[in-house]
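Reader: I have a protein to look at and want to learn how its parts fit together. Can you show it to me?

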Amino acid sequence: MIKSVGLTPNMSTPVRETPRTTPQAQVTDSVVLGQNLAVSQEKPQPVPSGVPHPTPLPEDPKVRSWQGETIYFLLIDRFHDGDPNNNHAVNKDDLNRYHGGDLQGVIDKMDYIKSTGATALWITPPMDNQTSFVNSDGYHGYWPVDHFKTDEHVGTMDKFKDFVNTAHEKGLKVLLDIPLNHTAWEHPFYQDPAKHSWFHHNGDVTDWDDPWQSENCSIFGLPDLAQENPEVEKYLIDVGKFWADTGVDGFRLDAVKNVPKAFWDKFNQAMHEHAGPDFYLMGEYYVGDPSKYAQYQHGGMDGLVDYPLYYTIDDVLAKGGSMRQLADRVADCDRKFAKPEMMSAFLDNHDTKRFLTKAGGDRDRLKLALSFQMTLNRIPSVYYGTETSMESDHEGWSESSRRMMDFDNDPDMLAHFQKLGAIRKDSIALREGRLLEMWQDDQVYAYGRVHPQDEAVVVLNNSPHEQTREIPVRAESRLREGMALKELLTGETVTIQNGRIHSKLGGKQAAIYMPLDKL
Ligand SMILES: [Ca+2]
Ligand SMILES: [Ca+2]
Ligand SMILES: [Ca+2]
């Protein structure tokens, strides 16, 4: 989807101050936890996972497959301002204008990102963008005017290479966002009569349900590249090779729906030939129907962001719908996706309202949703600030989901996320195990994650009230009668009796059980 808020003057939303709700008591707690960089400049210590038999993710990002990663997604302009010298025309009071974040800022906060438990970074496009159009700036990176250099607000190409090297040294992979559907209005090719055939000239999309229009017309008037033109195809593949050669570990491909699938098949093949089979290609396909996804994975796109699941997370975990709906959606997607484990699950992103806002500010709902996302058979993508309970405005489009990162907004939520991150990092069952449904009713959903080396059982209570269930162990599991299971969020233990796990959960709570004895 195209980040073009503010193209229409009346789309812009009045800016409100981000509520600062951090009481002194929470700041003190964060010092005790030792995880808050803004309070303590010391390098954060890893949070203990409590996993009984840890199977840690390897430190070296180059030897890891993408399946085990946890992605942290940030907008470069909205994360951290590490270099005031590149703050050209910054206006922090207007959400449609540059806020000053840059690659140096991401480098400066890399220890923080690592401390969340994330293992990979997805950043918005760093390519040179058109500075502004009507009442909005190209701060988001999706308006390229030059595909082969960095934007002056972001930092130099050398700084970009520093950024990639620093991420790798700290054990983080890098996923680079690239827009290949369109260019900005001021791209020199669009002004060049000799390149008339490089663009479609079909006007704007007027019917979003018409697939031809979606591929061949402009979105918000942006010049729409004609990927079926062999010269354009070669050019865009060269753009991909150029950025792959910087050492990044994969691409997030913008606006998959708006580009012919035939192009993606060629692009994906070219990138895997050039950068290796593990170079992760994650498409953004803004469609809720899971049956349309497999064609892209069969065409070499390793994964896509899981919009079908996102919509159900919204209905069930943000708004309190039946857990049967969530369980059925997971099962349906698992059947329809070609490789569900390479899809990416998310609660919110830069094109949506923030989860906490949709959940009416209920932090227990956010904790439960994070527990679900971090124990699922998907690659989790966590949007910056969700781990510190940042919120959007209720009115307007998604521009209020793109406020400057607030590192100190909610140390308690951060601690919960860090714990989940540590657990996932230490558990091959959660990273790679097969998902087996164990229970569903309106309030409670439970699933196992079964791997030859270890197992986990996850139970989620979406009701505001305490719930107790006797959950039968699946025949495929190696969990046996009399085995003790440790619940990792509370440290309590339960013993399997009569082939069942006795699970008692407070309102809107999750449990993650793992066997105390090695399987
Ligand atoms: Ca800056
Ligand atoms: Ca620029
Ligand atoms: Ca197009």
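Author: Domain bounds here come from an automatic or database domain assignment. The model itself is predicted.

Reader: Which domains does the domain assignment of the protein give?

Author: The assignment splits the protein in two parts. One part covers residues 20–432 and the other 436–515. They are called domain 1 (20–432) and domain 2 (436–515).

Reader: How many residues does the contact take from domain 1 and from domain 2?

Author: Start with the centres, taken over C-alpha atoms: they are 31 Å apart. The contact draws on both sides, with 28 residues from domain 1 and 26 residues from domain 2.

Reader: Which helices each supply at least two residues of the side of domain 1 that touches domain 2?

Author: That side divides into 14 nonpolar, nine polar and five charged residues. The helices that each supply at least two of its residues are H10, H11 (323–336), H13, H14 (411–426) and H15 (428–432).

Reader: Is H10 parallel, perpendicular or oblique to H13?

Author: H10 spans residues 307–318 and H13 spans residues 363–373. Their axes lie 10 Å apart, at an angle of about 135°. An angle over 145 degrees would count as roughly antiparallel, and 65 to 115 as roughly perpendicular. The angle of H10 to H13 therefore counts as oblique.

Reader: How do the residues of the contact of H10 with H13 divide into nonpolar, polar and charged?

Author: H10 brings Ile 313, Leu 317 and Ala 318. H13 brings Arg 365, Leu 368, Ala 369 and Phe 372. The division is six nonpolar, no polar and one charged.

Definitions and conventions: Residues numbered from 1 in each chain as written. Chains lettered and ligands numbered in written order. Predicted model: local features only at pLDDT ≥ 70, side-chain atom pairs only at ≥ 80, totals over all residues. Axes fitted to C-alpha atoms, helices over the stretch in contact; angles between N-to-C directions. Helix = DSSP H or I, 4+ residues; strand = E, 2+ residues; numbered from the N terminus. Parallel < 35°, antiparallel > 145°, perpendicular 65-115°, else oblique. Contact = placed C-beta atoms within 7 Å. Nonpolar A, V, L, I, M, F, W, Y, C, P; charged D, E, K, R; others polar.
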